[in-house]
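Visitor: I should like to examine this structure step by step. Please show me the model first, and then let us discuss one helix and its surroundings.

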Amino acid sequence: QSLVVPRRHWATIASATLFYLVLWNIASTYAALMIPSGQAAILGFTMPLWAALFAWAFLGEHLSRRMLVALALGASGVGLLMVRGAQAYAQAPVGFALGLLAGAGWAVGTLILKRRPVGVPATVLTGWQLLITALPITAGEKHTHFLLTMRPPHCPFCLSLGPEYLVEVKSKAAIKHTYEPL
């Protein structure tokens, strides 16, 4: 299978990737550092709500009565789940905003690809997107703040099943970024 992507698709791939992978990863990571990670996850997974609203507002898609009911139920469900996090949001409003930004960014990237489909195999598209994502996320050789996970770095679809799978590590001295096991 060829890894070649026609030149006409690169702007679409880059813009979608910057929204739904780069923005998602950065915003959701910092949200999880500022507010309880479970609450950050709930905010990030508001993506379907944002996607429906953005598709209506910017792509002119019709919101049927059924879709409006689904949006209302989804928003209500997220709202009920977030009630317990209200105190955390009040103490860290930037974390709250970043969680919502993660979901919105994921929605925008998805809609970019919906509007301008890229005619390459999914594995080729995914590979290029992960490479594009790695550039800004791992920018700079050394870091002092890490979120370590039990998820293997080569598997973007392997889910860490909750906060018990994450460890936040801060160091005084900068450490070179690596995907090698510690």
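Guide: Let us begin with the covering of one helix. The buried residues of α1 are covered by parts that include α2 (37-44), α6 (93-115) and α7 (122-137). Please bear in mind that this is a predicted model.

Visitor: Which residues of α1 are buried?

Guide: A residue counts as buried when its relative accessible area is under 20%. In α1 the residues in this class are T12, I13, A16, T17, Y20, L21, V22, W24, A27, S28 and A31.

Visitor: How far apart are the end C-alpha atoms of α1?

Guide: Helix α1 covers residues 10-34, which is 25 residues. At 1.5 Å a residue, a span of 36 Å is expected. The computed distance agrees with this expectation, as the end C-alpha atoms are 34 Å apart.

Visitor: At which residue does α1 bend?

Guide: The bend in α1 comes to about 40°. The residue at which α1 bends is L18.

Visitor: Is M34 buried, partly exposed or exposed?

Guide: M34 belongs to helix α1. Partly exposed residues lie between the limits of 20% and 50%. With a relative accessible area of 38%, M34 is therefore partly exposed.

Visitor: Which element gives the most residues to the nonpolar patch?

Guide: The nonpolar surface patch has an area of about 410 Å² and is made by I26, Y30, M34, V94 and I137. Three residues of the patch come from the element that gives the most, namely α1.

Visitor: Which side chains meet in a salt bridge?

Guide: The count of salt bridges comes to one. Its nitrogen and oxygen are 2.7 Å apart, and the side chains that meet are those of E61 and K114.

Visitor: How many residues apart in sequence are the parts that this pair ties together?

Guide: E61 lies in the loop between α3 (47-59) and α4 (65-82), whereas K114 lies in helix α6. E61 counts as partly exposed at 31% relative accessibility, and K114 also counts as partly exposed, at 49%. Because the pair joins this loop to helix α6, it ties together parts whose separation in sequence is 53 residues.

Visitor: In what order do the elements of the chain run?

Guide: The secondary structure of the chain comes to seven helices and two strands. From the N terminus on, the order is α-α-α-α-α-α-α-β-β.

Visitor: What percentage of the residues in the chain is buried?

Guide: The chain has 182 residues. The buried ones make up 31%.

Notes:
Residues are numbered from 1 along each chain as its sequence is written. This is a predicted model: local features need pLDDT of at least 70, side-chain atom pairs count only at pLDDT 80 or more; totals for chains, interfaces and linings use all residues. Side-chain values use heavy atoms; hydrogens and water are left out. Helices (H or I, at least four residues) and strands (E, at least two) are DSSP runs, numbered from the N terminus. Buried means under 20% relative accessible area, exposed over 50%, partly exposed in between (1.4 Å probe, protein chains only). The expected span of a helix is 1.5 Å times one less than its number of residues. The bend at a residue is the angle between axes fitted to the seven residues ending there and the seven starting there. Contact means heavy atoms within 4.5 Å. Patches are made of residues with over 30% relative accessible area and no salt bridge: like charges are joined within 9 Å, nonpolar side chains (Val, Leu, Ile, Met, Phe, Trp, Tyr) within 5 Å. Accessible areas come from the Shrake-Rupley method with a 1.4 Å probe; for residues, only the protein chains shown count as cover. A salt bridge is a side-chain nitrogen of Lys or Arg within 4 Å of a carboxyl oxygen of Asp or Glu.
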